[in-house]
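Me: I should like to learn how to read the features of a structural model, one at a time. Could we begin with the model itself?

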Amino acid sequence: MTTLELLPRPKDAAPWRNRSKSLLTKIALASVLPVVLAIAIGKAFGIPGPITLLLVFLPLQLLASGLAALSTRGKRGVADSQLNVAVLFATTFVAIMLGSVLFSVVSFGLNAISPHFAYQNNVYVTSTTSLEYGGAGHALLGTVLVVGLAALIAVPVGIAVAVYLTETRGRFRGPVRFFAQSMSGLPSIVAGLFIFAVFVSTGISRPAGWLASSALVLLMLPTVIRMSEEVLKLVPGDLRSAALALGAPQRKAFFLVIMPAAKTGLVTAILLGIARIVGETAPLLLTMRVNPNTNVNVFSGDMSTLPTYIFAFLTAGFDTGRARSWAAAFLLLAVVGLIFGTARAISAKSIKK
Amino acid sequence: MNLQTQNSNIAVMDADSHLEARNIHVWFKERHVLSDVSLHFPTNSVTALIGPSGCGKSTFIRTLNRMHELIPGAGLAGSVYLDNEDIYAAGVDPVTIRLRVGMVFQKPNPFPTMTIKGNVLAGLRLSNRRTRDEDELVESCLNRASLWNEVKDRLDAPAGSLSGGQQQRLCIARSLALAPEVLLMDEPCSALDPGSTRRIEETIRELSSDMTVVIVTHNMQQAQRVSDQTAFFLAEEGQPGHVVEFGSTDNLFSSPNDPRTEDYVNGRFG
Ligand SMILES: Nc1ncnc2c1ncn2[C@@H]1O[C@H](COP(=O)(O)OP(=O)(O)OP(=O)(O)O)[C@@H](O)[C@H]1O
Ligand SMILES: [Mg+2]
C-alpha cells in the first residue's frame, strides 16, 4: 500500500482567478474609456461634476460594460454586466458620501483637537477663546454617562421584550410588536418633550442626566427590540428542539444554546441601538441644561454632552467656536468607533467548550 | 417479549409495558394527520416504526416525549403512559419527561456554538447535572455512536466542522450521555455509510439491555436486524396516518396479516 504525501498548499491554488488576455484588455478598456470620455465631455461643456457623474458617466459605463460583456459572454452576459455596474455605482456613490462626511469630520476635527481637549472642561471658555484653553472632556463624560445609563436600561429590557416575542407564546405578542414598531417612528424631540412634560413640568425633577437617559431609552428600545427579534428569529428551530429534547428548561435552552447562536446578531442590535441615540441632540436640549463644568452625577445637576456641546458652539457662530464643534464631533466619532470596535472584538470570540 | 397476537392485527401486551401510547390522534391546525394509534413498548425492547414518507412516524414519536406540543398549531388526543403514569396529565412537567425519554432527530442538529466535546456534555449542562468523569463519558458516548476514532484528536473543534453523517452520530452521542430510559430515534442512519450504520445498529442492540428504544427507519433490513417488534404506519390518500399492523418483527415480516403490510415490506408499495 502506498501512503499519500501531504502536499503544502501552492500560492496560486485558485484557478478560477485566471483570466484570458483578451478578457483583461476588454475589462481594462471598459473601465478606463468611460471615465476618460466622461471627464472630457464634462470639461468641454462645462457640466457640473455630480451631473456628469450621473448623466454622462453612468450611461457611458453601462454601454461600455454592456458591449464588453456582449463580445465576451454573449447576450446572457449583458444583463449581468448592467446589474453589476448599477450595484457598483450605487455602492461607490454611498461610499463617497459617507467617506466625505467622515473625511471632513476627521480633517477639521484633527486640525482643532489637541490632547487636552479630551479631558479639560469648558469653564471660562467662550466661542472666541483660543483653542489652547478648555475642551470637551466634561461633555465626553456626560455623553458616556447619559448614553451608558440609557443603554443599561434599554438593552436588558429590549432583549427581554424580543425574547418574549420570539421564545414564548405569550398572548400579547401582537400588541407588543405593534407598539414597538410604532415607537420606532417617534420623533426624538417628542421623546424629549414627553419626559419634559412628565418630570420637569410637573415639578418632579429639575432637568438632569437621568431624564435625558429616559428620553434616549424611549428612542433606543424600538431599535433594540426589532433588531434582536429579527436576530432571534434567525436561530434555527432545530436548535431549540434539540435543546428542549435534552430536557432543558426554556431558560437554560435560551442562555446556553439560543443566545450564543445569536450572539453576534444581538451585539449588532445593541450597537445599532447605541448608534441610534449617541448623536441625539433634541431630547437632550429639553431634558438637561448645559454645564461648562464637569458633573459626574447623572441624577442631579446640569451636565453637557457632546451633541449639545457641538450644537452650542455651532449656533454661537465664531470660527474658534466652530473649530471646537469639529473637534467634539471627532471625539464623538472616536468614542463610537471605540465602542463598536471593542464590541465586535468581544462578540467575535470563538466557541465555548 | 410478551406479545400475543389477537384476532386484530394489533398485538396486545401485559401491564408492565414501559411506554404505552393509547388512542393517539394528532392534528396540525384543522388537519387530522394521525388517527387512533395505540402502541406499547415493553421494557428494554426495540420497536421499529416503518411506513411510507409522510405517514406520521416522526409526528408520532414526538408525541412520546412531549416535543409535539412545541409545534405551533399542534393538536393531540389520547394518552401516553410512561411507567403507568400519564405524561400528559395536568401538572406533569414536560422537562422531566424529556429527560427520561431522549430523542435523536431526523435531521442532525448539533449545537454550532459548542465544541464536539461540549455537544456531548450539553445535555448534562442543560439539565443541570454533573458527572464524575467528563472525559470518560465523552469517550464512551462517542464510541457507542461510532464517532470516537474520527474525532478523538479534535474534541475541541466546533461541531459545525463535522460532516453531515458525523454530526448525526454526534447527536446520537449527545442523547446517550443523558442515559435516558427510553430513546426515540428518527431515522438515525439515513445519512450514514454502511460501516457507521452497522456500528449504530450494534449500539442499539447494546442499549436495549437497559433502555427501551423506538426507531423510525425506511430500511427494512435494519428493522429486521435491530427490532423486537414493528409497527407499520400508513396514510392512505385523503386519510390520516394510522397503524396498519403491529406485532413481533419476525411475524410482521415473514407472515404479515394485512396485504398492505406484505406489499410494503416486500417493496411493492409506497
Ligand atoms: N409542523 C407541521 N405542520 C403541519 N403539518 C405537518 C407538520 N409536520 C408534519 N406535518 C404533516 O404531518 C404528516 C406526517 O408528517 P411526518 O413528518 O410525521 O411524516 P414521516 O412519517 O415522519 O415522514 P418521513 O418518513 O418523510 O420522515 C405529513 O403529512 C406532514 O405534511
Ligand atoms: Mg420523519
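Reply: Let us start with burial in chain A, where buried residues make up 40% of the 353 residues. Please keep in mind throughout that this is a predicted model.

Me: Which secondary structure elements does chain A have, and in what pattern are they read along the sequence?

Reply: One counts the helices and strands, then reads their order. Chain A has 13 helices and 0 strands, and the pattern along the sequence is α-α-α-α-α-α-α-α-α-α-α-α-α. The radius of gyration of chain A, 27 Å, is well over the 20 Å that the globule rule gives for 353 residues, so chain A is more spread out than a compact globule. Taken along the principal axes, the C-alpha atoms of chain A fill a box of roughly 75 × 70 × 45 Å.

Me: What share of the contacts in chain A between residues at least 6 apart joins residues at least 24 apart?

Reply: Contacts are sorted by separation in sequence. For chain A, 70% of the contacts between residues at least 6 apart join residues at least 24 apart.

Me: How much surface does chain A expose, and what do carbon and sulfur atoms supply?

Reply: The area is read together with the atoms that supply it. Chain A exposes about 20000 Å², and carbon and sulfur atoms supply 71% of that area. As for charge, chain A carries 29 positive and 11 negative charges, whose mean positions are 5 Å apart.

Me: How is a single position in chain A to be read, and where is A343(A) found?

Reply: One places the residue in its element, then turns to cover and contacts. A343(A) belongs to helix 13 (residues 319-347) of chain A. Its relative accessible area is 16%, and because buried means under 20%, A343(A) is buried. Leaving out residues up to four places away in sequence, A343(A) touches V267(A) and L271(A). The C-alpha atoms of A343(A) and I270(A) are separated by 9.3 Å, although these residues are 73 apart along the chain.

Me: Turning to chain B, how many helices and strands are there, and how does the radius of gyration of chain B stand against that of a compact globule?

Reply: The same reading applies. Chain B has 10 helices and 12 strands. For 270 residues a compact globule would have a radius of gyration near 18 Å, and chain B agrees with this at 18 Å. The C-alpha trace of chain B spans about 55 × 45 × 35 Å along its principal axes.

Me: What are the burial, the contacts and the surface of chain B?

Reply: Of the 270 residues in chain B, 56% are buried. Among contacts in chain B with a separation of 6 or more, 65% are between residues 24 or more positions apart. The accessible surface of chain B is about 11300 Å², with 45% belonging to carbon and sulfur atoms. Chain B has 25 positive and 34 negative charges, and their mean positions lie 6 Å apart.

Me: Which protein atoms are donors of the magnesium ion?

Reply: For a metal, one lists the donors, then locates them in the chain. The protein donors of the magnesium ion (ligand 2) are OG of S58(B) and OE1 of Q106(B), at 1.9 to 2.3 Å from the ion. This pair links distant parts of the chain, 48 residues apart: S58(B) is in helix 1 (residues 57-64) of chain B, and Q106(B) is in the loop between strand 8 (101-104) and helix 3 (116-126). S58(B) is partly exposed, with a relative accessible area of 22%; Q106(B) is also partly exposed, at 36%.

Me: Is helix 1 of chain B mostly covered or mostly open?

Reply: A helix is read residue by residue. Helix 1 of chain B is mostly covered, with 7 of its 8 residues buried. The buried residues are K57(B), T59(B), F60(B), I61(B), R62(B), T63(B) and L64(B). Just after helix 1 of chain B, R66(B) has a positive phi of about 60°.

Me: Where do T197(B) and A223(B) lie, and what do they touch?

Reply: T197(B) is in helix 7 (residues 194-207) of chain B and counts as buried at 10% relative accessibility. Apart from neighbours within four places in sequence, T197(B) contacts C189(B), L192(B) and Q222(B). A223(B) lies in helix 8 (residues 220-226) of chain B and is buried, at 0% relative accessibility. Not counting residues up to four places away in sequence, A223(B) touches A48(B), I50(B), T217(B), T249(B) and F253(B). From A223(B) to S53(B) the C-alpha distance is 16 Å, with their positions 170 residues apart in sequence.

Key
Residues are numbered from 1 along each chain as its sequence is written. Chains are lettered from A and ligands numbered from 1 in the order in which they are written. This is a predicted model: local features need pLDDT of at least 70, side-chain atom pairs count only at pLDDT 80 or more; totals for chains, interfaces and linings use all residues. Side-chain values use heavy atoms; hydrogens and water are left out. Donors are N, O and S atoms within 2.8 Å of the metal (3.2 Å for Na, K and Ca); water is not among the atoms, so sites may look incomplete. Helices (H or I, at least four residues) and strands (E, at least two) are DSSP runs, numbered from the N terminus. Buried means under 20% relative accessible area, exposed over 50%, partly exposed in between (1.4 Å probe, protein chains only). The radius of gyration is taken over C-alpha atoms; the globule rule is 2.2 Å times the number of residues to the power 0.38. Contact means heavy atoms within 4.5 Å. Accessible areas come from the Shrake-Rupley method with a 1.4 Å probe; for residues, only the protein chains shown count as cover. Lys and Arg count as positive and Asp and Glu as negative; His and the chain ends are not counted. The place of a charge is taken as NZ of Lys, CZ of Arg, CG of Asp or CD of Glu.
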